[in-house]
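Visitor: I have a model open and would like to learn how to read it. Can we go feature by feature?

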Amino acid sequence: MPKALHLIARPEGEPKDSDFELRPVESRALNDGEARVAVRYVSVDPAMRIWMTEQKSYWPPVKLGEVMRAGGVGEVIESRNPRLPVGTWVGGMTGVAEELITDGRGLRPFDARTLPDPTWALHVFGATGFTAYFGLKEIGQAKAGETVVVSAAAGAVGSTVVQLAKAWGCRVVGIAGGPEKCAYVKDELGADAVVDYKREQIGKALHETCPEGIDVYFDNVGGEILDAVLKRLKLRARIVVCGGISQYNGSGTPFGPSNYLALISARARMEGFVVIDYLHRGEEAITAMAPLVATGKLKGKIDAMEGIDNFAACLRRLLSGRNFGKQVLRM
Ligand SMILES: NC(=O)c1ccc[n+]([C@@H]2O[C@H](COP(=O)([O-])OP(=O)(O)OC[C@H]3O[C@@H](n4cnc5c(N)ncnc54)[C@H](OP(=O)(O)O)[C@@H]3O)[C@@H](O)[C@H]2O)c1
């Protein structure tokens with residue numbers, strides 16, 4: 001019997017298996033206009049850790065007892081909706097569930113044959129890619145010749161930002177944890193320089209890799225790395241506040257940047273954004289990125305774990321940086 005994963009406790013620190021419970025999904029005959037979708041993959045995202053708390057954000061907290069919120073892709077396996085014939089691939093907020101009944105609202109059909117893999121609708125050609133594209137273009141306003149620094153550069157959003165910034169003619173410095181990820185960012189993604197924040201002193205490394213300063217910082221991690229970047233801003237620099245994963249598992253007050261006064265002398269801007277504000281422009285991002293994918297200038301790496309009962313382990317893996325590529329869970 002297909003199952004869904006319900007949040008039953010608010011995690012303290014790392015999410016635990018016992019914070020969730022598997023329950024059978026509703027299994028009934030379809031009404032007119034409905035379709036049954038077998039969810040094939042869900043996207044495992046750092047923001048899930050925030051959605052599990054009581055914290056107010058761009059979306060309300062997942063209530064205790066509710067199915068855990070998640071983006072996903074799946075196939076229609078039974079249908080009484082002429083717009084969703086059997087075999088149609090759909091993407092949207094499926095939740096962490098193996099199956100669901102839908103009237104189609106909130107789910108977007110897509111042609112999986114045009115993608116390298118259906119998971120790409122969650123990665124480069126989905127919310128991850130849109131985050132990178134609109135964050136860098138609209139908030140970062142990155143221009144050719146500028147120095148762009150990206151944290152979590154080997155991750156899903158970060159790796160896309162690195163490649164887009166290179167394609168747009170920027171000089172790119174990627175920050176990642178460990179030699180394997182740093183080699184990937186430099187050799188595979190084409191960054192001009194890399195910083196291993198786990199081994200190097202971040203301020204010194206930024207001084208060496210960005211001798212003339214930083215024009216755009218695409219921030220995925222917050223914390224001490226953000227603080228170090230603030231010290232090296234060029235005039236009119238832009239900081240894209242995309243995420244702060246270094247702070248998500250903490251239960252206390254997040255680490256705030258003590259060097260924020262540097263924004264004054266640099267006449268710099270630090271701006272948060274949420275990808276959901278740009279989803280209606282998804283086609284624009286796909287049209288811009290598709291040629292880069294076709295010519296091998298934009299690669300996507302998927303890191304898949306198996307099984308709905310491994311959701312909590314999969315999220316722990318992501319939050320501790322053990323993922324290498326876009327983290328998804330195969331249902
Ligand atoms: N604003 C938006 O609309 C939006 C949308 C999507 C994602 N995001 C944000 O984008 C960021 C990246 O998300 P993603 O899905 O692409 O995940 P990801 O980068 O694929 O995975 C997270 C990575 O973060 C790094 N990390 C974990 N703890 C860290 C720490 N304490 N210090 C530095 N790095 C750490 C790890 O890489 P290392 O091994 O290199 O440490 C890990 O692999 C997250 O902050 C997420 O919340 C924002």
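Visitor: Which polar atom lies 2.7 Å from the backbone nitrogen of Lys3?

Guide: Note first that this is a predicted model. To read a polar contact, look for a pair of N or O atoms within 3.5 Å. Here the partner is a polar atom in the side chain of Glu98, 2.7 Å from the backbone nitrogen of Lys3.

Visitor: Where is Glu98 found?

Guide: Glu98 sits in the loop between strand E5 (89-92) and strand E6 (99-102).

Visitor: Which residues is Glu98 in contact with, leaving aside its neighbours within four places in sequence?

Guide: Contact means heavy atoms within 4.5 Å. On that basis Glu98 touches Met1, Pro2 and Lys3, then Val37, Ala38 and Val39, and also Ile308 and Met331.

Visitor: Now the sheet. What is the order of its 6 strands?

Guide: Read a sheet from one edge to the other. This open sheet runs E10-E9-E8-E11-E12-E13, with parallel pairing. Strand E10 (193-196) and strand E13 (269-272) are the edges, each pairing on one side only. On average, neighbouring strands are turned by 15 degrees against each other, direction ignored.

Visitor: How many bridges join strand E8 to strand E9?

Guide: There are 4 bridges between E8 (residues 147-150) and E9 (residues 171-176), and the two strands run parallel. For one pair to find on screen, take Val148: its bridge partner in E9 is Val172.

Visitor: Which strands does helix H2 lie across?

Guide: Helix H2 (residues 127-139) lies across E8, strand E11 (214-219), strand E12 (233-241) and E13. Its direction is at about 145 degrees to E11. Helix H4 (residues 179-188) lies across E9 and E10, at about 165 degrees to E10.

Visitor: Next, the ligand. Which of the 26 residues around the ligand come nearest?

Guide: Start with the shell, then pick out the polar contacts. Lys181, Tyr197, Asn220, Val275 and Asn323 come nearest among the 26 residues. By class, the shell has 15 nonpolar, 10 polar and 1 charged residues.

Visitor: Which residues have an N or O atom 2.8 Å from an oxygen atom of the ligand?

Guide: Ala156 has a backbone N or O atom at 2.8 Å from a ligand oxygen. For Asn220, a backbone N or O atom also lies 2.8 Å from an oxygen atom of the ligand. Tyr248 uses its side chain: an N or O atom there is 2.9 Å from a ligand oxygen.

Visitor: How much of the ligand does the protein bury?

Guide: Taken alone, the ligand exposes 910 Å², and the protein buries 89% of that. Helix H3 (156-167) and helix H9 (311-319) are the elements that give two or more residues to the shell.

Conventions
Residues numbered from 1 in each chain as written. Predicted model: local features only at pLDDT ≥ 70, side-chain atom pairs only at ≥ 80, totals over all residues. Heavy atoms only, no water. Pairing = 2+ DSSP bridges. Axes fitted to C-alpha atoms, helices over the stretch in contact; angles between N-to-C directions. Near = heavy atom within 4 Å. Polar contact = N/O pair within 3.5 Å; in protein donor to acceptor, adjacent residues only side chain to side chain. Areas by Shrake-Rupley, 256 points an atom, 1.4 Å probe, with all protein chains shown as cover. Nonpolar A, V, L, I, M, F, W, Y, C, P; charged D, E, K, R; others polar.
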